[in-house]
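Here are some notes to read beside the model, set out as numbered points. Please keep the sequence and the 3D view open while you go through them.

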Amino acid sequence: MANINRVILTGNLTSDPELSSLPSGTQVCKLRLAVNRRYKDQSSGEWVEKPNYFDIKVWGAQGENCANYLSKGRAIAVDGRLEWREWESQDGSKRQAVEIVADTVQFLGSRGDGEGGGGASRGGFQQTAELRPDPVPAGGGSEDDDIPF
């Protein structure tokens with residue numbers, strides 16, 4: 001059986017991106033994403049939104065673009081994988097974290113959408129374009145209906 005480690009999230013940044021460089025010169029950008037979970041409360045019967053927060057790392061040129069063009073509140077879509085890491089803190093205790101390493105980051109909405117959140121939909125992002133099928137001419141197709149393929 002094949003192993004699959006894939007995460008796809010859409011949400012809003014909770015802080016400005018933090019760009020840093022490794023000694024090798026590789027850029028890494030840290031993002032923090034809030035994704036709302038909407039569910040119906042069993043006791044009150046009302047809809048409730050609960051935020052979930054995710055730490056995301058974006059490497060290389062894509063990380064630089066995130067640092068240059070994103071800011072707190074901006075809606076993004078992330079496609080990546082989960083990565084677990086463990087380390088020892090300064091006080092000697094063992095620490096661990098699960099992060100998302102982004103393969104792709106898509107900027108949603110426009111640059112101004114993050115400021116104040118005006119016009120955002122329930123999903124946390126504003127749709128930038130509506131997809132519609134190409135119109136079909138009346139009569140169902142071309143004039144040459146006798147084409148054999």
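1. Counting from the N terminus, the elements of the chain follow the order β-β-β-β-α-β-β, which amounts to 1 helix and 6 strands. Please bear in mind throughout that this is a predicted model, and that the values below are computed from it.

2. The pairing of strand S3 (residues 27-40) with strand S4 (residues 47-59) is a good place to begin, since here the two strands run antiparallel and are joined by 13 bridges. To find one of these bridges in the view, look for Cys-29, whose bridge partner in S4 is Val-58.

3. S3 and S4 form a hairpin with 6 residues between the strands, and in this hairpin Gly-45 deserves a look, as its phi is positive, near 80°.

4. S4 also pairs with strand S6 (residues 94-107), this time in the parallel sense and over 2 bridges. Which residue of S6 is the bridge partner of Lys-57? The partner is Val-101.

5. Turning to the chain as a whole, which has 149 residues, buried residues make up 23% of them. The accessible surface comes to about 10,900 Å², and carbon and sulfur atoms account for 48% of that surface.

6. Finally, consider the contacts in the chain between residues at least 6 apart in sequence: of these, 57% join residues that are at least 24 apart.

Terms used:
Residues are numbered from 1 along each chain as its sequence is written. This is a predicted model: local features need pLDDT of at least 70, side-chain atom pairs count only at pLDDT 80 or more; totals for chains, interfaces and linings use all residues. Side-chain values use heavy atoms; hydrogens and water are left out. Two strands pair if DSSP finds at least two bridges between them. Helices (H or I, at least four residues) and strands (E, at least two) are DSSP runs, numbered from the N terminus. Buried means under 20% relative accessible area, exposed over 50%, partly exposed in between (1.4 Å probe, protein chains only). Contact means heavy atoms within 4.5 Å. Accessible areas come from the Shrake-Rupley method with a 1.4 Å probe; for residues, only the protein chains shown count as cover.
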